[in-house]
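Colleague: Before I use this model in my own calculations, could you take me through its local geometry and contacts, one question at a time?

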Amino acid sequence: MGTSVQVSPLCGVYNENPLAYLVSIDGFNFLLDCGWNDLFDPSLLEPLSRVASTVDAVLLSHPDTLHLGALPYAMKQLGLSAPVYATEPVHRLGLLTMYDQYLSRKQVSDFDLFTLDDIDSAFQNVIRLTYSQNYHLSGKGEGIVIAPHVAGHMLGGSIWKITKDGEEVVYAVDYNHRKERHLNGTVLQSFVRPAVLITDAYNALYTNQTQSHHRDTEFLDTISKHLEVGGNVLLPVDTAGRVLELLLILEQHWSQRAFSFPIYFLTYVSSSTIDYVKSFLEWMSDSISKSFETSRDNAFLLRHVTLLINKADLDNAPPGPKVVLASMASLEAGFARDIFVEWANDPRNLVLFTETGQFGTLARMLQSAPSPKFVKVTMSKRVPLAGEELIAYEEEQNRLKREEALRASLVKEEETKVSHGPDDNSSEPMVIDTKTTHDVVGSHGPAYKDILIDGFVPPSSSVAPMFPFYDNTADWDEYGEVINPDDYVIKDEDMDRGAMHAGGDVDGRLDEATASLMLDTRPSKVISNELIVTVSCSLVKMDYEGRSDGRSIKSTIAHVSPLKLVLVHATAEATEHLKQHCLNSICPHVYAPKIEETIDVTSDLCAYKVQLSEKLMSNVIFKKLGDSEVAWVDSEVGKTESEKRCLQPMASAAAPHKPVLVGDLKMQDFKQFLASKGVQVEFAGGGALRCGEYVTLRKVGPTGQKGGASGPQQILIEGPLCEDYYKIRDYLYSQFYLL
């Protein structure tokens, strides 16, 4: 029997809701992502609440709300206590994302789903891994290995590979095959034939028809056009995810064109975000890393972007056209919502959306076709209490403090009674003779009054008949008291938490203004009013989501060719479309489970652990194949002295086997190899490789379909038996290992 694998979606299937999936591997429960949306609807987390206490490990893929937004709430309210695994950028930027979410909510509502302490507590449990780092679980997860790999969607974003007994479960959502300014493309295509692939169908129905450089040109031209006529440009963005790509695009364009229009990046944690990002260059694209290595040029030393953490600074900025990138992208809260309401009625202004708004949000409403001319918006803000309200608040607080002090004194008195127990002599009053005093001269001074107490009889059950005395039982040696060095070690998590409430530096600590906002405990209230906003400004949406489109998704899945495929996170239409495509062309086992539906995707293969006997291994000849060594082994199954299975040499001579060519031929690489040997070579139609005048090579699957959806691929050599034919065949054989 293969490794047991069950998948149960908790949120984010057949819709665009946040991502959260329970995957059980041989009884060890993984929670893949723990997302929430910008509406923070607790009802979305009801399936998670029923299984949170059974989760053994949490894997986070991206540092945005949709992938980790529910983590603080789940750990505070739902009983989630498992260790959390993520890359360093996902941990750091995810923490800032949740800070920004909380501060944005707290300024416009009595938000109480979680606090800053809850955020700190949740993220201090995160175990940080690097890309391709194999982390071996212990205890209940013994034998399971997890590793994050490049996803290409956000900084630090990960595809997770979970391995048990040689079988791989790959979790790949929101990946991007294209290389961008600050990120490399995904490495998902390097995985071949995993037992289970869990992936999303989010863009299955979307095909990108625009080249990236054409898209960038249109993006910048649209912004420039509105600035040049005196308008302002608002880009609603996330806190620390896709906004980084937009900042680099604008920074580079402003440097090339020498524009004087100011650019502002406005979130509650903008300064801290950029400070962190500047130290994450090794997680970025090869071009950024090489640029820093050669010229020490940090791509995120932004010279044309001003970082702001409150709207007052923007209001006090010099008048004139400007570009503002502000959170939140959904326009449900944050600075972007306030700016939209102020700028919406000016036809010169532009609101440029770079991602599809979350369902049910103001951003999604504005992106509908046709665009609305009017929208009803509830505007809220927090104001300090004053006058009678402040007096009433202080009186109420004083009353609560008195009640708390009274309760504490009663509890203390009760504890004292319990500790002293019944007093048999309580009926005999203790006599204190204050008349009998003596002048005593001693170390306390020239003279003082010593009060003698007569008639004091300690109760027989008294724990401390006189003043309590606690004996110091510490160990001593010839150098003094023995200390434990671990008692004086400051944990990294404690340092991080302390840094979050101190001054700012390159380690990404919060600046003083943001920290003071977090620690502001002045009494206040929230006031709200409804507005009808006239939408006269331009509304434009461009795709900067950083996800593979439908064509690339299908191509990638076909290349990976999983044994079993699980589809999540997409509309019902997109899910069914990709499911049918994969069933027809790629994989016979495709699943699209619903919320809390558990599907069994256990491998149909039977896996056994066997030992290789020394007698067998002594006669094996290995051949180098890349980073590995391969060999053909003829053996039979036996048992060791401890009754374990092992492979032993065959008792009789093995029958001859057919030759096996081992290797993975890439036609492009082989074309270059033939060219280096002086062979005229070019690609013909259908991916065929024409070698010389007569010979053609084709790569086909086992069923004869070009491109082969699954299984071993074959190379066909077509042409007459001539000198060129045999020469090309020898060159082809040289690319493989013959076993």
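The exchange below concerns a predicted model, and it moves from strands to a helix, the nonpolar cores and the charged pairs.

Colleague: Which residue of strand β3 is the bridge partner of Y21?

Modeller: Strand β2, residues 20-25, is joined to strand β1, residues 5-11, by six bridges in an antiparallel arrangement, and on that side P9 stands opposite Y21. Strand β2 also pairs with β3, residues 28-32, again in the antiparallel sense, over five bridges. In β3, the residue that bridges to Y21 is L32.

Colleague: Are the two faces of β2 covered or open?

Modeller: Six of the six residues in β2 are buried. On one side these are A20, L22 and S24, on the other Y21, V23 and I25, and with both sets buried the two faces of β2 are covered.

Colleague: In the hairpin of β2 and β3, which residue takes a positive phi?

Modeller: The strands β2 and β3 are antiparallel partners, and their hairpin has two residues between the strands. A phi near 50 degrees is found there, and the residue that takes it is D26.

Colleague: In which order do the three strands of the open sheet with mixed pairing lie?

Modeller: The edge strands, each pairing on one side only, are β27 (611-612) and β30 (635-639). Strand β31, residues 645-649, pairs with β27 in the parallel sense over two bridges, and in this pairing Q611 has C646 as its bridge partner. The order of the sheet is therefore β27-β31-β30.

Colleague: How far apart are the end C-alpha atoms of helix α7, and what span should its 15 residues have?

Modeller: Helix α7 covers residues 243-257, and at 1.5 Å a residue its 15 residues should span 21 Å. The distance between its end C-alpha atoms agrees with that expectation, because it is also 21 Å.

Colleague: How many of the 15 residues of α7 are buried?

Modeller: The helix is mostly covered, and the buried residues include V243, L246, I249, L250 and W254, together with the charged E245 and E251. Just after α7, A258 takes a positive phi of about 55 degrees. Within the helix itself, the number of buried residues is eleven.

Colleague: How many residues make up the largest nonpolar core, and how many the second, separate one?

Modeller: In the largest core, the residues with the most contacts inside it are L80, F114, F219, V323, L325 and F340. Not counting residues up to four places away in sequence, F219 touches L235, L246, I249, L250, L352, T354, M542 and Y544, and of these L246, I249 and L250 are buried residues of α7. The second, separate core includes V13, L137, A195 and I599. The largest core has 110 residues, and the second has 30.

Colleague: Which acidic residue meets K76 in a salt bridge?

Modeller: K76 is found in helix α3, and, leaving aside neighbours within four places in sequence, its contacts are D112, L113, F114, T115 and D118. Its C-alpha atom is 7.5 Å from that of F114, although the two residues are 38 apart in sequence. The salt bridge, at 3.3 Å from N to O, links K76 to a residue of helix α5 that is 42 residues away, and that residue is D118.

Colleague: Is each partner of that salt bridge buried or partly exposed?

Modeller: K76 has a relative accessibility of 37%, so it counts as partly exposed. The value for D118 is 15%, which is under the 20% limit, and D118 therefore counts as buried.

Colleague: How far apart are the closest N and O atoms in the salt bridge of R407 with E404?

Modeller: Both residues lie in helix α13, residues 387-420, three residues apart, or about one turn of the helix. In general, an α-helix has 3.6 residues a turn, so residues three or four places apart point the same way. R407 is partly exposed at 45% relative accessibility, and E404 is partly exposed at 45%. Their closest N and O atoms are separated by 2.8 Å.

Colleague: Which side chain does T602 join in a polar contact of 2.5 Å?

Modeller: T602 lies in the loop between β26 (599-600) and β27, and it counts as buried because its relative accessible area is 6%. The side chain at the other end of the contact belongs to D600.

Conventions:
Residues numbered from 1 in each chain as written. Predicted model: local features only at pLDDT ≥ 70, side-chain atom pairs only at ≥ 80, totals over all residues. Heavy atoms only, no water. Pairing = 2+ DSSP bridges. Helix = DSSP H or I, 4+ residues; strand = E, 2+ residues; numbered from the N terminus. Salt bridge = Lys/Arg side-chain N within 4 Å of Asp/Glu carboxyl O. Buried < 20%, exposed > 50% of the residue type's maximum accessible area, 1.4 Å probe, protein only. Polar contact = N/O pair within 3.5 Å; in protein donor to acceptor, adjacent residues only side chain to side chain. Core = buried A, V, L, I, M, F, W, Y, C linked by side-chain atoms within 4.5 Å. Contact = heavy atoms within 4.5 Å. Expected span 1.5 Å × (residues − 1).
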